[in-house]
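Got the viewer open and the sequence panel showing? Then let's take a walk through this one, stop by stop.

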Amino acid sequence: MKLTKTTTALATLALLGLAGPALAEIRIGATLSATGPASFLGDPEAKTLEMLVEEVNAAGGINGEQVELVLYDDGGDPNKARTFATRLVEDDEVSAIIGGTTTGTTMSIIAVAEDAEIPFISLAGAVDIIDPVKPYTFKTPHTDRMACQKIFEDMQKRGFSKIGMISGTDGFGASMQAQCKSVAGEYAIEIVADETYDPKDADMTAQLTKIKGAEGIQAVLNPGFGQGPSIVTRNYKQLAIGLPLYQSHGVASDGFIDLAGADAAEGVRLPGTALLIAGILPDSDPQKPVVTAYKTAFETRTGTPVGTFGGYAHDAFLILKDAITRAGSTEPAAIRDAIEATSGLVGTTGTYTMSPENHLGLDLSAFRMLEIKGGTWSMAE
């Protein structure tokens with residue numbers, strides 16, 4: 001269903017013949033999982049885009065042109081995402097698309113966007129989205145491969161060489177599990193136990209008991225998102241496994257701590273963004289003004305804590321706004337070229353520098369290794 005179609009009052013008046021010559025519009029499309037199993041990701045993304053479009057229009061638009069946001073809710077269904085992407089291109093005639101809350105919906109949108117040659121900025125994590133590079137597809141979150149590398153980097157520093165993995169069998173979990181296996185050897189990490197769970201499972205004690213019994217195991221990693229990692233974390237505490245537990249960037253939000261329970265989540269480490277530790281960033285950190293401004297605006301508007309996932313949408317809109325401004329055009333090809341030339345753009349997730357060979361534009365330095373202490377986020381020591 002269509003979630004919203006945001007138009008400006010001035011544009012409406014112009015249609016009625018009450019405001020003189022009509023203002024030109026920049027039409028941006030989005031298909032997000034605002035409801036359904038991935039709504040904890042898609043809802044803040046949708047609210048972020050609506051907020052940013054209102055802000056930019058109140059400030060005069062982009063290059064003097066008002067922005068119209070055409071936003072659909074695909075509920076996390078890849079088939080609906082493809083249908084809505086097609087509608088955005090053929091009926092709504094958008095200049096660019098933001099969306100793909102999940103890897104599954106993203107892959108459906110890619111096929112439409114690439115065929116129509118419309119710039120698409122994904123909000124999902126899998127490395128396959130931008131590797132190999134596709135001409136019109138970009139993304140804002142770190143890849144799952146980068147998350148594995150950041151985690152293994154931290155494990156290596158702590159002297160861990162034998163670990164267990166328990167991964168979700170959903171698209172995100174399976175992709176990150178594969179990526180972690182592919183790079184583990186680069187960090188002299190041996191995976192001595194490898195278990196999986198269905199995202200709908202309500203208990204993972206059987207798998208965790210097997211992992212606990214693995215010889216020489218020093219730490220455990222859970223590639224996954226949704227409610228699964230919170231259940232793993234609770235079961236981990238109940239079994240008194242007592243080894244360091246790492247989670248993925250897919251659960252980098254206050255909601256994970258709430259679901260798992262602060263006591264069970266104590267000491268959990270994961271790679272996250274500056275947004276989660278905005279209050280403790282040094283003033284010298286170039287991301288501090290950006291994350292602080294977004295955090296304040298989002299929390300004031302919604303009354304809910306800001307999270308990593310809304311930040312992905314923030315950065316996608318920032319990249320698009322910057323590209324349209326530099327391109328001086330609403331033509332999809334010109335916008336695409338300008339996105340690819342993005343350089344040194346500071347967002348909530350990191351500082352983006354794209355190129356023809358790199359449609360993400362982030363490196364590992366954009367990740368912060370975080371640890372949950374006292375029910376909140378802190379920098380891992």
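How many nonpolar, polar and charged residues are there in the lining of the largest pocket? Sorted by class, the lining holds 20 nonpolar, 19 polar and seven charged residues. Here Ala, Val, Leu, Ile, Met, Phe, Trp, Tyr, Cys and Pro count as nonpolar, Asp, Glu, Lys and Arg as charged, and the others, Gly among them, as polar.

Before you click further, a word on what you're looking at. This is a predicted model, where local features need pLDDT of at least 70 and side-chain atom pairs count only at pLDDT 80 or more, while totals for chains, interfaces and linings use all residues. Residues are numbered from 1 along each chain as its sequence is written, and side-chain values use heavy atoms, with hydrogens and water left out.

**Stop one: the pocket**

Select Ala38, Phe40, Leu41, Phe225 and Gly226: of the 46 residues lining the largest pocket, these are the closest to its centre. The volume of this pocket is about 970 Å³. A pocket, on a 1 Å grid over the protein atoms alone, is an open set of points where a 1.4 Å probe fits, with protein on both sides within 12 Å along at least five of seven lines; lining residues have an atom within 4 Å of a point. Points are joined across faces, edges and corners, and the volume is the space filled by probe spheres set on them.

Now colour the helices α2 (39-58), α4 (103-116), α6 (171-183), α8, α9 (254-260) and α12 (308-327), each of which supplies at least two lining residues. Helix α2 gives the most, with six residues. Helices (H or I, at least four residues) and strands (E, at least two) are DSSP runs, numbered from the N terminus.

**Stop two: the disulfide**

Stay with α6 and pick cysteine 180, then add cysteine 148. The two form a disulfide, with their sulfur atoms 2.1 Å apart (the cut-off is a pair of cysteine sulfur atoms within 2.5 Å). This pair links distant parts of the chain, as cysteine 148 sits in helix α5 (residues 144-157) and cysteine 180 in helix α6, 32 residues apart. A search of the whole structure finds one disulfide. The torsion about its S-S bond is about -90 degrees, so the disulfide is left-handed. Both cysteines are buried, a word that means under 20% relative accessible area, with exposed being over 50% and partly exposed in between (1.4 Å probe, protein chains only).

**Stop three: salt bridges**

Show the charged side chains next. A salt bridge is a side-chain nitrogen of Lys or Arg within 4 Å of a carboxyl oxygen of Asp or Glu, and by this rule there are 17 salt bridges.

Try aspartate 263 and lysine 237, whose closest N and O atoms are 4.0 Å apart. They connect distant parts of the chain: aspartate 263 is in helix α10 (residues 262-265) and lysine 237 in helix α8 (residues 228-238), 26 residues apart. Aspartate 263 counts as exposed because its relative accessibility is 54%, while lysine 237, at 43%, is partly exposed.

Then jump to aspartate 283 and lysine 288, a salt bridge with its closest N and O atoms 3.1 Å apart. Aspartate 283 is exposed at 68%, whereas lysine 288 is buried at 18%.

Aspartate 337 and arginine 336 make another salt bridge, at 2.9 Å from N to O. Aspartate 337 is partly exposed at 43%, and arginine 336 is buried at 11%. For a network, select Asp154, Arg158, Arg269 and Glu371, which are joined by salt bridges that share partners.

**Stop four: around phenylalanine 138**

Arginine 336 also turns up here. Select phenylalanine 138 in strand β6 (residues 137-139); it counts as buried because its relative accessibility is 0%. Leaving out residues up to four places away in sequence, phenylalanine 138 touches Phe120, Ile121, Ser122, Ile130, Arg336, Ile339, Glu340, Met354 and His359, where contact means heavy atoms within 4.5 Å.

**Last stop: backbone oddments**

Go to proline 132, in the loop between β5 (120-122) and β6. A cis peptide bond joins aspartate 131 to this proline, with omega about 10 degrees.

Finish with asparagine 63, in the loop between α2 and β3 (66-73). Its phi is near 55 degrees, a positive value in a residue other than glycine. Alanine 188, in the loop between α6 and β8 (190-197), has a positive phi near 55 degrees too.
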